Amino acid sequence: MKKFSKILELLFDSNVHLGHKTSKWNPKMAQYLLANYNNLHLIDLERTVPLIKRAISVLDHVYKNGNNVLVIGNTKENHIFISDMIKRERIYGVTGKWVGGSLTNWEPRNFSYTATNLEPPKLMILLNTNNNSTAIKEAQEKRIPIIAILDSDSDPKGITYPIPGNDDSPKAHYLYFKLIANTLDK
């Protein structure tokens with residue numbers, strides 16, 4: 001129980017629980033929301049913890065089996081984190097606008113990477129789903145499972161491994177990248 005409360009505290013301190021204004025929400029996210037406070041949705045971190053654990057386990061399995069992973073984060077804050085991620089073998093990164101057809105026509109030149117293995121990814125990690133619908137559709141078409149951060153305004157449709165959490169906060173993104181990096185570096 002102590003370990004669970006430590007994780008909850010870490011998520012809380014990283015603002016993972018803070019969703020969007022209640023006027024800007026997606027009703028499909030209701031199952032992951034705890035309450036609203038001062039017109040903000042609060043994400044249920046007790047639901048988030050087991051979903052993070054499951055997603056990290058999937059990432060660990062895929063990566064340890066020698067498969068490539070694609071990490072997509074289209075914000076300025078994510079650029080630094082993803083630049084660090086792609087220094088690892090078998091990690092592709094996208095920090096700008098998604099180029100349609102990158103997965104369905106497999107164009108490694110559309111990604112940032114230092115990988116020598118140019119096989120398509122076996123797992124996609126999305127740090128914001130709202131501006132990546134084309135990437136989600138392409139991953140589904142290619143049957144690539146998706147781990148995604150889902151904020152209160154996100155659509156969970158098509159996401160294999162949802163992680164309810166704040167998709168805007170730099171503190172939250174730092175935590176997500178730390179969890180990903182720790183998994184890859186095991």
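Is T129 buried or exposed? In this predicted model, where local features need pLDDT of at least 70, side-chain atom pairs count only at pLDDT 80 or more, and totals for chains, interfaces and linings use all residues, T129 turns out to be buried, with a relative accessible area of 5%. Buried here means under 20% relative accessible area, exposed means over 50%, and partly exposed covers what lies in between (1.4 Å probe, protein chains only). Residues are numbered from 1 along each chain as its sequence is written, and side-chain values use heavy atoms, with hydrogens and water left out.

T129 sits in the loop between strand 7 (123–126) and helix 4 (133–141). Helices (H or I, at least four residues) and strands (E, at least two) are DSSP runs, numbered from the N terminus. Setting aside neighbours within four places in sequence, T129 touches I136, A148, I149, L150, S154, D155 and I159; contact means heavy atoms within 4.5 Å.

Now for the chain as a whole. The protein chain has five helices and nine strands, and from the N terminus on the elements read α-β-β-β-α-β-α-β-β-β-α-β-β-α. The radius of gyration of the protein chain comes out at 16 Å, close to the 16 Å that the globule rule gives for 186 residues, so the chain is as compact as a globular protein of that length. That radius is taken over C-alpha atoms, and the globule rule is 2.2 Å times the number of residues to the power 0.38. Along the principal axes, the C-alpha atoms fill a box of roughly 50 × 35 × 25 Å. Of the 186 residues in the protein chain, 50% are buried. As for contacts with a separation of 6 or more, 57% of them join residues 24 or more positions apart.

Helix 4, which follows the T129 loop in sequence, has A135, I136, E138 and A139 as its buried residues. They span an arc of only 165 degrees around the axis, which puts them on the same side of helix 4; the arc is that of the directions from the helix axis to the C-beta atoms. Strand 4, strand 7 and strand 8 are what these buried residues pack against. On the face turned away from the buried side, helix 4 carries the exposed residues K137 and E141.

After helix 4 comes R143, in the loop that leads to strand 8 (146–150). R143 has a positive phi of about 60 degrees although it is not a glycine, and its relative accessible area of 76% makes it exposed. N39 is another non-glycine residue with a positive phi, in this case about 65 degrees. N39 belongs to the loop between strand 2 (33–37) and strand 3 (40–43), and at 54% relative accessibility it counts as exposed.

Helix 3 (residues 76–85) has its own buried set, namely N78, F81, I82 and M85. These cover an arc of only 100 degrees around the axis, which puts them on the same side of helix 3. As background, an α-helix has 3.6 residues a turn, so residues three or four places apart point the same way. The cover over the buried residues of helix 3 includes strand 4 (69–72), strand 5 (91–94) and helix 5. K76 and I80 are exposed, on the face of helix 3 turned away from its buried side.

Helix 5 (residues 170–184) also meets helix 2 (residues 45–64): their axes come within 9 Å and cross at roughly 35 degrees. Axes are lines fitted to C-alpha atoms, for helices over the stretch in contact, and angles run from 0 to 180 degrees between N-to-C directions. The crossing of helix 2 and helix 5 is right-handed, that is, the near helix is turned clockwise from the far one by less than a right angle (anticlockwise would be left-handed). Helix 2 brings I52, I56, L59, D60 and Y63 to the contact, and helix 5 brings L179, I180, T183 and L184. By type, these residues divide into seven nonpolar, one polar and one charged. Ala, Val, Leu, Ile, Met, Phe, Trp, Tyr, Cys and Pro count as nonpolar, Asp, Glu, Lys and Arg as charged, and the others, Gly among them, as polar.

Within helix 5, I180 is buried, with a relative accessible area of 7%. Beyond neighbours within four places in sequence, I180 is in contact with L59, M85 and I125. I180 and A55 are 125 residues apart in sequence, yet 9.7 Å apart in space, C-alpha to C-alpha.
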